[in-house]
Amino acid sequence: MELTMVGLFVVVALLITGSNGTVCYTAVESLDLRCLLQWDCPHASPNTTYTVQTKTQGDPWQEVPWCVWISSRSCDVSPAFSNFELYNMIRLGVHLSPSSTVWMRPLKFDYSDFTFSPPSVLVSLKDDHLMVKVQFPCAATRRCSLGWCCPISELIDPWTTVTVYNKQNHSEYQRRTVWTQEVVSNVEFSGLAPGQNYCAVANFSFPTFSMAASPKSAPQCVETVSKSVLLPAVCLGIGLTSLLLVPLLAVFLKRPKPAAPASENQPKTPAPVQDPDSMVPLSPVPVDPCDIHLEFAPHT
């Protein structure tokens, strides 16, 4: 009886271990904010199905709608996450039967999992300033208002570092780091020597954690205008302007003056001479009181 009970205990223990001790190797792959969960369950039958759930800090576990009772060994959960500065978790459920699911230990998904493609840069000269435009890679499996490409700067505000250096003398360089809140990042540099070849490279990192950074972009170079080239160009411009202005000035000076109006050639009629007395202002004349006579109208 005791042997029977011991044997039964061992069988039950093995079944429990086999049910709850399901082994699956899981891993998260992330590139440009993509989140791809992959797994391998060596001892699972070919007919085993799986369900994936995600959880964001402060929210309950939620099933990923397109990864419920699936037989594949991967699930792209990228659209399930929108806030990358909160804690995000992923877990895999193995369906042993229609009513029994074993959940694997959850995996985190945060900045330490992020990898990025390098950005691209465009350089141009504006007067004596070098303008560098940084364009970010497209976020994987995302679509946004810009069409097929949704730059990762639509989803995060990266720190962007741009370095401009002299191609002939790498010890001469300038570096600026900006917090990018636009789809593209525009950085301006000044104080460049004329007649030199300058190159620009850029990379970016996750807003909060610099260890999640992209590789550097391919360099883009431009040559600043030399003074020896600029001076003849200025002189040539002045010379061309003079050639255009001198004929115009000559034509203007040779134009005949307009004839005076006919009325100006006629003798002017002298103004009438006024009586000097009429020019004297009127003043009150003194009156003798004896000369004043009062007349009263008779009463009718």
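**Exercise 1. How many salt bridges does a search of the whole structure find, and where in the chain do R34 and D76 sit?**

Solution, step by step.

- Start with the count: searching the whole structure turns up four salt bridges. Keep in mind that this is a predicted model.
- A quick reminder: side chains of opposite charge can pair when their charged atoms come close.
- Now check the distance. The closest N and O atoms of R34 and D76 are 3.3 Å apart, and the cut-off is 4 Å, so the two form a salt bridge.
- Next, find them in the chain. R34 is in the loop between β1 and β2, while D76 belongs to strand β5 (residues 74–76). With their positions 42 residues apart, the pair links distant parts of the chain.

**Exercise 2. Are R34 and D76 buried or partly exposed?**

Solution, step by step.

- You need one cut-off here: buried means under 20% relative accessible area.
- R34 comes out at 27%, so R34 is partly exposed.
- D76 has 19%, so D76 counts as buried.

**Exercise 3. How far apart are the closest N and O atoms of R73 and D40, and which parts of the chain do they link?**

Solution, step by step.

- Look at the atoms: the closest N and O of R73 and D40 are 3.8 Å apart, and the two residues form a salt bridge.
- Then look at the chain. R73 lies in the loop between β4 (62–63) and β5, and D40 lies in strand β2. They are 33 residues apart, and the pair links distant parts of the chain.
- For accessibility, R73 has a relative accessible area of 32% and is partly exposed. D40, at 39%, is partly exposed as well.

**Exercise 4. Which residues do salt bridges with shared partners join into one network?**

Solution, step by step.

- Begin with one pair: D110 forms a salt bridge with K108, and their closest N and O atoms are 3.4 Å apart.
- Follow the shared partners, and K108, D110 and D113 end up in one network.
- To finish, compare accessibility: D110 is buried at 15%, whereas K108 is partly exposed at 41%.

**Exercise 5. How many disulfides does a search of the whole structure find, and what is the pairing of the bonded cysteines in sequence order?**

Solution, step by step.

- The search gives four disulfides.
- Number the bonded cysteines of the protein chain in sequence order, and you can read the pairing as 1-2, 3-4, 5-6, 7-8.
- Take C24 and C41 as one of the pairs: their sulfur atoms are 1.9 Å apart. C24 is in the loop between α1 (2–20) and β1 (25–29), and C41 is in the loop between β2 (36–40) and β3 (49–56). That puts them 17 residues apart.
- Another pair is C67 and C75, also with 1.9 Å from S to S. The torsion about this S-S bond is 100°, and the link is right-handed.
- C199 and C221 form a disulfide too. C199 sits in strand β14 (residues 197–205) and C221 in strand β15 (residues 220–223). C199 is buried at 1%, but C221 is partly exposed at 36%.

**Exercise 6. Why is there no bond between the sulfur of C35 and the closest cysteine sulfur?**

Solution, step by step.

- Find the closest cysteine sulfur to C35: that one is in C75, 8.6 Å away.
- Compare with the cut-off: a disulfide needs sulfur atoms within 2.5 Å. The distance from C35 to C75 is therefore too far for a bond.
- One last check: C35 is buried, with a relative accessible area of 0%.

Terms used: Residues are numbered from 1 along each chain as its sequence is written. This is a predicted model: local features need pLDDT of at least 70, side-chain atom pairs count only at pLDDT 80 or more; totals for chains, interfaces and linings use all residues. Side-chain values use heavy atoms; hydrogens and water are left out. Helices (H or I, at least four residues) and strands (E, at least two) are DSSP runs, numbered from the N terminus. Buried means under 20% relative accessible area, exposed over 50%, partly exposed in between (1.4 Å probe, protein chains only). A salt bridge is a side-chain nitrogen of Lys or Arg within 4 Å of a carboxyl oxygen of Asp or Glu.
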